[in-house]
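Here are a few exercises to work through with the model open in your viewer. Try each task before you read its solution.

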Amino acid sequence: MRASLILSTAVLAFAGAALPAQQAPLTPDQQFAHDVYKEMIETNSSTMTAGTTIAAQQVAKRFRDAGFPESDIFLGGVQPNKFNVVLRYHGKGGANGPKPLLLLAHLDVVEALKTDWSPDLDPFKFLDRDGYYYGRGTTDDKAMASIFVANIVRLKREGYVPDRDIIVALTADEEGGCCNGARWLVANHRELVDAAYVINEGGGGSLRDGKPFLNSIQATEKVFGNFIITAHNKGGHSSVPRPDNAIYQLSEGLVRFSHFAFPVQFNEVTHAYFERTAAVETPEVGAAMRALLKNPNDAKASAIVSKDPRYNSTLRTTCVATMLSGGHATNALPQTASATINCRMLPNTDPADVRAAIVKAIADTGLEVSAAPAARPTAPSPLLPEVMGAVTTITKQLFGNIPVIPIMGTGATDSAPFRAVGIPSYGVSGLMGDPEDVRAHGRDERMLIKSFYDGQEFLYRLTKALTTPKTVP
């Protein structure tokens, strides 16, 4: 689901292009995380072909070997090749205590062919080179998955007793499919994953000149939906052209649509995002952001901020033509021509309103627009003080005095089904990278080695902070 969307904001990246620093010898906890990470990367869990069951079984064995009882481990799913693994780490509160903290990551990855990668790289071989770890899933999302496994084992070994249960859920079908992963767990095994809030992927840190620049926390995301625009015509022989050609009619409607932009709209998350980003942007862009926050209808300010496609996609609902088809023979006038319009709608947007805007923009009653999709918009997660405070404190401890910025994901993550049932979900990892070198889903995916272990420490401290709220992390 996230092939075109993850990490699409200006502040979000999990893979970097900073100059590699000399890595100190690994601690035992880091070495364990490394070993889990390597095993996950070298286990092909491509969502369309291999599935996640072997990876889930490997994780379950790690939990058993660490001393977790079988009764606290769930292993299963709808399809035999797409298992999930869920672990419950019991706190002192028990059933009458605070609701659990859920640590969520996915085990599936997008497809990768060795022929598509550099000749000396194999997407399913874990390679340490020049300060990076290479392999499919190193950024999306096996870094967080392996860190959660390593950290929960560390907490058990240390004898840590949280004030609430901690759940680790590693899932299938985030990258594709619909019915085996997080949505299935929420719908069919709510008792396994019910929580006070969720920590998931979708946020991360940005490097500038190799140094941490900001840390982001994803608290909402856009909603995916497609519309089909179709032109119909009686056609005829191509030797006798007619003025009312279906392809021309569709093309003219699409050109008119290309000049349309949805209005600027802010929610709690995007308002905070632009407010804080304005402080670290260039003077011109920062001033335009502040002007838009005061008046979302400021056309001049909108034009300045919207020049950056990533900011533009955060300001408004976006729809774009992504596929075309038309005609049935080279020597026949087309009887139909159609285009797919892919929309990323702001949270709580009614898809019917988006359809109405498309109809108005193409300005041709002869063009047919498909019905609004049955999208599942969800409200943004509230910026809870206990979560934002912990993230801010730990960010400063590990990365210095850099801002923590709430963001809206322009695509989809497994936070959506949890937000849909009222469980606040936050994308935050402490994994730092260069936003200009994002390789998730692409060629030669990689993770800065230093970022991986910094993220491990960040998520360890965050887990403790959210399960012992009276202590300072």
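**Exercise 1: two helices that cross**

The crossing of α1 and α14 is right-handed. Keep in mind that this is a predicted model. Your task: find which residues make the contact of α1 and α14, and decide whether the two helices are roughly parallel or roughly perpendicular.

*Solution.*
- Step 1: On the α1 side, the contact is made by Asp29, Gln30, Ala33, His34 and Tyr37, and these meet Phe452, Tyr453 and Gln456 of α14.
- Step 2: Sorted by class, the contact of α1 with α14 has four nonpolar residues, three polar ones and one charged one.
- Step 3: Now for the geometry. Helix α1 covers residues 28-41 and helix α14 covers residues 449-467; their axes lie 11 Å apart, and the packing angle is about 115 degrees.
- Step 4: Angles of 65 to 115 degrees count as roughly perpendicular. The pair α1 and α14 is therefore roughly perpendicular.

**Exercise 2: another partner for α1**

Your task: work out how α1 and α2 are oriented to each other, antiparallel or parallel, and which residues make their contact.

*Solution.*
- Step 1: The axes of α1 and α2 cross at roughly 155 degrees and come within 10 Å.
- Step 2: The cut-off for roughly antiparallel is an angle over 145 degrees. Helices α1 and α2 are therefore roughly antiparallel to each other.
- Step 3: The crossing of α1 and α2 is right-handed.
- Step 4: Helix α1 brings Phe32, Asp35, Val36, Glu39 and Met40 to this contact, while α2 brings Gln58, Val59 and Arg62.
- Step 5: By class, the contact of α1 with α2 has four nonpolar, one polar and three charged residues.

**Exercise 3: the nonpolar cores**

Your task: say how many residues the largest nonpolar core has, and which helix gives the largest share of this core.

*Solution.*
- Step 1: The largest nonpolar core has 74 residues. Those with the most contacts inside this core are Phe63, Val85, Ile152, Leu170, Ile199, Phe452 and Leu462.
- Step 2: Helix α3 (residues 142-157) supplies the largest share of this core, 10 residues.
- Step 3: Another core, of 22 residues, lies apart from it; Ala246, Met345, Val354 and Ala361 are among them.
- Step 4: Now zoom in on Leu170. Leaving out residues up to four places away in sequence, Leu170 touches Met40, Val59, Asn84, Val85, Ala105, Leu107, Ala145 and Val149.

**Exercise 4: buried or exposed?**

Your task: place Ala56, Thr230 and Thr27 in their elements or segment, then sort each as buried or partly exposed.

*Solution.*
- Step 1: Ala56 lies in helix α2 (residues 53-65). Its relative accessible area is 0%, so Ala56 is buried. Beyond four places in sequence, Ala56 touches Leu75, Phe83, Asn84, Val85 and Leu107.
- Step 2: Thr230 sits in strand β10 (residues 223-232). At a relative accessible area of 12%, Thr230 is buried too. With residues up to four places away in sequence left out, Thr230 touches Ala337, Ser338, Gly366, Leu367 and Glu368.
- Step 3: Thr27 belongs to the segment before α1. Because its relative accessibility is 37%, Thr27 counts as partly exposed.
- Step 4: To finish, check a distance in your viewer. Thr27 and Asn312 are 285 residues apart in sequence, and their C-alpha atoms are 43 Å apart in space.

Conventions. Residues numbered from 1 in each chain as written. Predicted model: local features only at pLDDT ≥ 70, side-chain atom pairs only at ≥ 80, totals over all residues. Heavy atoms only, no water. Axes fitted to C-alpha atoms, helices over the stretch in contact; angles between N-to-C directions. Helix = DSSP H or I, 4+ residues; strand = E, 2+ residues; numbered from the N terminus. Parallel < 35°, antiparallel > 145°, perpendicular 65-115°, else oblique. Left-handed = near helix turned anticlockwise from the far one by under 90°. Contact = heavy atoms within 4.5 Å. Nonpolar A, V, L, I, M, F, W, Y, C, P; charged D, E, K, R; others polar. Core = buried A, V, L, I, M, F, W, Y, C linked by side-chain atoms within 4.5 Å. Buried < 20%, exposed > 50% of the residue type's maximum accessible area, 1.4 Å probe, protein only.
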